[in-house]
Amino acid sequence: MKKKVLIVLGGNSREREVSIKTGKACMKAIRRLGYKTITFDPKKQSFLDILKKKIDIIFNALHGKDGEDGVAQSYFEYLRIPYTHSGVISSYNAMNKIISKEIFKKNKIKSPKYFVLKKSVYNKTKLNIAIKKNKIKFPIVVKPVNEGSSLGVKICKNILEMNKSVKFLFKKDSELICEPYIGGQEIQVAVINGTPLGAIELKPKRKFYDYQAKYNSNAKTEHIIPVDLPKKKYKALMDITLKAHNLMGCRGVTRSDFKYFKGKFYLLEINTQPGMTKLSLVPEISAYIGINFINLIKLILKDASINK
């Protein structure tokens with residue numbers, strides 16, 4: 001009897017549209033692998049309704065809030081149904097940029113220094129003090145603590161721009177993280193089931209690799225593979241990525257975002273629910289090393305489990 005896979009997609013986050021594209025692409029591949037499939041959208045039903053569907057495996061295709069921050073995962077654990085990707089705590093920690101940065105720092109993985117702004121106590125004077133105290137020079141990157149896909153990321157050239165960006169972002173978010181803009185190469189590394197797959201370099205035509213550069217083909221971001229790095233540096237990058245993946249307790253597939261500047265790698269964040277659309281980077285990296293999309297999905301399903 002064919003096993004039944006539930007593809008959880010859509011959801012309530014700002015990344016709903018991309019999640020639907022990811023879910024549909026993965027569903028086609030899962031069907032090709034011989035499974036029965038049904039889709040489930042938490043925007044339209046409660047997670048608890050999954051129990052009625054008699055499912056063997058959950059394929060988590062959600063992105064953003066409630067999908068990759070431990071919320072969905074806590075329901076899957078409660079339901080005791082094997083699910084793909086990372087578990088509750090690793091998902092929460094990876095989504096929260098403050099927690100993940102502290103884990104990197106504690107374990108000697110380079111990441112840009114930062115400070116946090118809270119909406120409840122924010123004013124322009126405190127912003128000035130924070131910039132001076134932390135010795136951070138412009139341009140400064142401001143972004144929400146708990147968002148993915150570069151949503152809400154602003155690069156500010158001066159204090160006026162920054163104050164304006166902060167006020168704008170506080171309309172939707174209560175906590176922001178601020179860090180110096182790191183130049184150099186933008187490199188992303190994929191890991192699957194504890195093995196680094198490889199890396200890809202991005203040269204966005206836009207200001208940086210933002211939401212549009214990621215998901216809109218008209219943005220014409222240049223993808224460079226293999227990455228232009230010396231062999232020793234490439235190996236070091238794979239080692240750092242795997243170290244971070246394991247430290248965070250990640251499972252299945254992840255994508256780590258780096259900047260390589262003046263001979264040093266800076267880890268910006270780990271994505272525990274990387275996109276699987278036709279423009280997505282993990283499928284592109286895996287295809288380059290000879291793993292087609294269907295086999296990539298097969299590897300992700302292989303790791304489906306509970307008690308993560």
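Visitor: In which helix do Asp239 and Lys235 lie four residues apart, separated by about one helical turn?
Guide: In this predicted model, the side chains of Asp239 and Lys235 meet in a salt bridge, with N and O at 2.9 Å. Asp239 is partly exposed, at a relative accessible area of 43%, whereas Lys235 is exposed at 52%. Because the two residues are four places apart in one helix, about one helical turn separates them, and that helix, spanning residues 231-247, is α8.

Visitor: How many residues apart are Asp173 and Arg14, the pair that links distant parts of the chain?
Guide: Asp173 forms a salt bridge with Arg14, and the closest N and O atoms of the two are 3.2 Å apart. Asp173 sits in the loop between α6 and β7, while Arg14 sits in the loop between β1 and α1, which places the pair at a separation in the chain of 159 residues.

Visitor: Is Asp173 buried or exposed?
Guide: Asp173 belongs to a network of salt bridges that also links Arg14 and Lys65. Its partner Arg14 has a relative accessible area of 34% and is therefore partly exposed. For Asp173 the relative accessible area is 7%, and since the limit for this class is under 20%, Asp173 counts as buried.

Visitor: With the side chain of which residue does the side chain of Asn163 make a polar contact?
Guide: Asn163 lies in helix α6, which covers residues 159-169, and its relative accessibility of 11% is why Asn163 counts as buried. When neighbours within four places in sequence are left aside, the residues in contact with Asn163 are Tyr122, Lys124 and Leu127. The polar contact between side chains, at 2.6 Å, is with Tyr122.

Visitor: Why is there no bond between the sulfur of Cys156 and the closest cysteine sulfur, and how far away is that sulfur?
Guide: Cys156 is buried, because its relative accessibility is 0%. A disulfide needs two cysteine sulfur atoms within 2.5 Å, and the structure holds zero disulfides. The closest cysteine sulfur to that of Cys156 belongs to Cys178 and is too far for a bond, at a distance of 8.0 Å.

Visitor: What is the approximate area of the nonpolar surface patch made by Leu48, Val71, Tyr75 and Tyr78?
Guide: One member of the patch, Tyr78, lies in helix α2, residues 71-79. Tyr78 counts as exposed because its relative accessibility is 62%. Together with Leu48, Val71 and Tyr75, Tyr78 makes a nonpolar surface patch of about 380 Å².

Technical notes:
Residues numbered from 1 in each chain as written. Predicted model: local features only at pLDDT ≥ 70, side-chain atom pairs only at ≥ 80, totals over all residues. Heavy atoms only, no water. Buried < 20%, exposed > 50% of the residue type's maximum accessible area, 1.4 Å probe, protein only. Polar contact = N/O pair within 3.5 Å; in protein donor to acceptor, adjacent residues only side chain to side chain. Contact = heavy atoms within 4.5 Å. Patch = residues over 30% accessible without salt bridge, like charges linked within 9 Å, V, L, I, M, F, W, Y side chains within 5 Å. Areas by Shrake-Rupley, 256 points an atom, 1.4 Å probe, with all protein chains shown as cover. Salt bridge = Lys/Arg side-chain N within 4 Å of Asp/Glu carboxyl O.
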